[in-house]
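Please look over the sequence and the structure shown here before reading on. The paragraphs after them are meant to be read with both in view.

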Amino acid sequence: MLNRIRRFGFRLLYNECAFAYDVVSHVVSLGRWRNWQRCVMQFLPEPNAGVVLELAHGAGDLQVDLTKAGYRTAGLDLSRAMGRLARRKLTKQGIGAALIQGEAACLPVPSNSIAALVSTFPTAFIFAPKTQSEIERVLKPEGRAVILYSALMTRTGILATAIRSLYRLTGQTYTRIPDSEIRRLFHAPGLTVEAHTVHLGDSLAQLVVLRNTPNESQSRRDISLELARES
């Protein structure tokens, strides 16, 4: 019964009640949500590396941050309502909205075309083998995916306790996840996994960086193909 209530709540928040997303995220994080989101940017390559694709772009705030930092961006979200919300927000900022409605398990993006991929607080779709396979497929050689999957308050008190209760009610993680568990959850064969923790005053954020590191045999095949073209 509780799981059905959670699913219903998520459906409302990301669809019919998408207009309340900014307020809800601000409240449940005690105003830390945007700082947590921005953590991913310190793990990105330089802006001239190429396009940054955001999975589950939500209300579009990170799209604004990335664009202002000089990145070329695109965003994908399954929710049509979130797409409308993000597009309005970007338009108000004078930013062209390169937003796509679609699924992470079937990215409408050419192979080896994305310099970096980001996702902040994604749901369970990010752990699906098809999603991770698609991430590996679309990343350029030496590209990376930066995923903010968990954040929590380190402070104590009534408010912090209330926030933990809200997270448990929605089924989201509000405990520090061991690095070994993260490496088990992210397991695409062509991606190396790095677990990172960023401390932000009275809170911390947990991130994973997936690097597309071609193996030696793939590198040999690429060299052979290049030599064949030149001859």
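What follows goes from the sheet to the helices, then to the core and the salt bridges.

This is a predicted model, in which local features need pLDDT of at least 70 and side-chain atom pairs count only at pLDDT 80 or more, while totals for chains, interfaces and linings use all residues. Residues are numbered from 1 along each chain as its sequence is written, and side-chain values use heavy atoms, with hydrogens and water left out.

A good place to begin is the open sheet, in which 7 strands follow the order β3-β2-β1-β4-β5-β7-β6 with mixed pairing; strands (E, at least two residues) and helices (H or I, at least four) are DSSP runs, numbered from the N terminus, and two strands pair if DSSP finds at least two bridges between them. At the edges are β3 (99-101) and β6, each of which pairs on one side only. On average, neighbouring strands are turned by 20° against each other, direction ignored, where axes are lines fitted to C-alpha atoms, for helices over the stretch in contact, and angles run from 0 to 180 degrees between N-to-C directions. Within the sheet, β4 and β5 pair in the parallel sense over 6 bridges, and Leu117 has Ala145 in β5 as its bridge partner.

Helix α4 packs on this sheet, where it touches β1, β2, β3 and β4 and makes about 170° with the direction of β2; contact here means heavy atoms within 4.5 Å. Because 6 of the 8 residues of α4 (residues 61-68) are buried, this helix is largely enclosed by the rest of the structure; buried means under 20% relative accessible area, exposed over 50%, and partly exposed in between (1.4 Å probe, protein chains only). The buried residues of α4 include Asp61, Leu62 and Leu66, and just after the helix Gly70 takes a positive phi of about 100°.

Helix α6 lies across β1, β4, β5, β6 and β7, running at about 135° to β5. Which residues of α6 are buried? They are Thr131, Gln132, Glu134, Ile135 and Val138, and they cover an arc of only 155° around the axis, which puts them on the same side of α6; the arc is that of the directions from the helix axis to the C-beta atoms. The face turned away from that buried side carries the exposed residues Pro129 and Lys130.

Ile135 also belongs to the largest nonpolar core, of 24 residues, where Leu53, Leu55, Leu117, Ile135 and Phe186 touch the most other members; such a core is a set of buried Ala, Val, Leu, Ile, Met, Phe, Trp, Tyr and Cys residues joined through side-chain atoms within 4.5 Å. Its largest share, 4 residues, comes from β5. Apart from this core lies another, of 21 residues, among them Trp36, Tyr71, Val146 and Leu207.

Finally, there are 5 salt bridges, each defined as a side-chain nitrogen of Lys or Arg within 4 Å of a carboxyl oxygen of Asp or Glu. One of them joins Asp61 to Lys89, with the closest N and O atoms 3.0 Å apart, and it links distant parts of the chain, since Asp61 is in α4 and Lys89 in helix α5 (residues 80-92), 28 residues apart. Both Asp61 and Lys89 are buried. Another salt bridge joins Arg137 and Glu134 (2.7 Å, N to O), which both lie in α6, 3 residues apart, about one turn of the helix. Arg137 is partly exposed, with a relative accessible area of 26%, whereas Glu134, at 12%, counts as buried.
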